[in-house]
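The following paragraphs offer a guided reading of a single protein chain. The reader is invited to keep the sequence and the coordinates in view while following the text.

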Amino acid sequence: MRVSFPYMGSTIVYGKLLELLGHQVVMPEPPTRKTVDLGVKYSPEFACFPFKVIMGTYLETLERGVELFVTTGGQGPCRAGFYGELHKKIIQNMGYDVDFIVLDPPWRDYEKFFRQILTLKGDNSWFKVAEVIHTVYKMCKSVDIIEKLITTVRAYAGDRAALNRSWRDILTAYSQIETARDVARVEEEALRVIEKYDIKLPPQEKRIRIGIVGEIYVVMEPSINGNIEEILNSLGAETERSLYLSTYIDETIFPWIGRKEKKKLIKKASGYIDLNIGGHARLSVGQIVDFKDRGFDGVIHLKPFACLPELISESMLEKLSADLDMPILSLSIDEQTAEANIMTRLDAFVDFIKYGKAYSKERVSLSV
Ligand code: SF4
């Protein structure tokens, strides 16, 4: 069966999971202008932006003979829970003969979840399934570790283009792994490659560290958020996101692993958002406080147009910025967003942080 999935973040991980389970994987391409236009054309006007992009990706991938899409549902009061069903209805109404597996958290409906897992399991033994999950989970963690390292050191790299090429080669190496041992080998090689660039981090007070929070799709998908991390790195700022694929997996599929971190963030968000209002809004607010506690210099909040949960967290930003004495920039992303617009605002934001740091140092030395 030819299987595919939505494009979001580290897609090589989803592809590897299905491939190791013996499915014929049709890898989706990174979303382009054409993908967005296609998605916008066939989506309800007021659907949130990620819905439209995913719709465009499905339609492009369908041209390559996909028979089954595997995707995840949503939890909590937000529209992500309807995505799968609505995509399926629209696509089937367009005349495509394609099936969907929408994986919701198992506790919603154990029987349905088990049936879906059986379809994905195919003829594999349960032992093989456990082995594949172990390998892919390790791969996911490892890719995230290396990506965090890249978005730190790239801010100081002399030859950023070469480092980007090496990062692409590392991802290709990850996409060829077969076992957990391969993951460890690729990670070691990746660390060796990065070390060869001999990038020295400046002293702590000279580093500019920016956290990125917000809705999962726009935070994790560079082709949609205007490649925000690469731009910030090119402006001399390190970046770290609130969400990586492994964070999301720990939070939804293995909640006992991510429980401690989630509880910590909910506690940090208290007083600003005390209810689960859907998406990652409450956690975004907790993450902003956490970034401040960890000594970050600023935060960028990303919100897809028409995202209700992030609209609520956005309304807290002014107060958060004043309470924490930290600059926060909020960007709304939709089909009209141009990279030049994002670039200009990021440039101004990083300058603002740089001057703020220089000025506060001057103030300290004057008062001494
Ligand atoms: S979090 Fe926001 S953008 Fe994502 S599905 Fe929910 S409402 Fe839409």
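In this predicted model, strand β7 (residues 298–304) and strand β8 pair in the parallel sense over 6 bridges. Within that pairing, His301 has Ser330 of β8 as its bridge partner. Helix α14 (residues 308–315) packs on the sheet and touches β5, β7 and β8. The direction of α14 makes about 145° with that of β7.

The pairing of β7 with β8 belongs to a wider arrangement. Four strands form an open sheet in the order β6-β5-β7-β8, with parallel pairing. The edges are occupied by β6 (238–241) and β8 (328–333), each of which pairs on one side only. Neighbouring strands of this sheet are turned against each other by 25° on average, direction ignored. As general background, strands of a sheet pair through backbone hydrogen bonds, either parallel or antiparallel.

A further helix is associated with these strands. Helix α13 lies across β5 (209–214), β7 and β8, and runs at about 170° to β5. Besides these strands, α13 (residues 281–293) has a helical partner, α12 (residues 255–269), and the two pack at an angle of about 85° with their axes 7 Å apart. Because angles of 65 to 115 degrees count as roughly perpendicular, α12 is roughly perpendicular to α13. On the side of α12, the contact is made by Leu265, Ile266, Lys268 and Ala269. From α13 come Arg282, Leu283, Val285, Gly286, Gln287, Val289 and Asp290. By class, the residues of this contact divide into 6 nonpolar, 2 polar and 3 charged.

Attention may now turn to the strands and helices that come earlier in the sequence. Strand β1 (residues 2–4) pairs with strand β3 (residues 68–72) in the parallel sense, over 2 bridges. Here Ser4 stands opposite Phe69 of β3. Strand β3 is also joined by 5 bridges to strand β4 (residues 99–103), and β3 and β4 run parallel. Phe69 takes part in this pairing as well, with Phe100 of β4 as its bridge partner. Phe69 thus has bridge partners in both directions, Ser4 and Phe100.

How do α2 and α3 cross, and at what angle? The axes of helix α2 (residues 33–41) and helix α3 (residues 49–62) come within 7 Å and cross at roughly 105°. The two helices are therefore roughly perpendicular to each other. In their contact, Thr35, Val36, Leu38, Gly39 and Val40 of α2 meet Lys52, Val53, Met55, Gly56, Thr57, Leu59 and Glu60 of α3. This contact comprises 6 nonpolar, 4 polar and 2 charged residues.

These local arrangements can be set against the chain as a whole. The chain has 16 helices and 8 strands. Its C-alpha trace spans about 70 × 45 × 40 Å along the principal axes. For 368 residues, a compact globule would have a radius of gyration near 21 Å, and the value for the chain, 21 Å, agrees with this expectation. Buried residues account for 39% of the 368 residues. Finally, among contacts between residues at least 6 apart in sequence, 70% join residues at least 24 apart.

Terms used. Residues numbered from 1 in each chain as written. Predicted model: local features only at pLDDT ≥ 70, side-chain atom pairs only at ≥ 80, totals over all residues. Pairing = 2+ DSSP bridges. Axes fitted to C-alpha atoms, helices over the stretch in contact; angles between N-to-C directions. Parallel < 35°, antiparallel > 145°, perpendicular 65-115°, else oblique. Contact = placed C-beta atoms within 7 Å. Nonpolar A, V, L, I, M, F, W, Y, C, P; charged D, E, K, R; others polar. Rg over C-alpha atoms; globule rule 2.2 N^0.38 Å. Buried ≥ 20, exposed ≤ 12 C-beta atoms within 10 Å, placed from the backbone.
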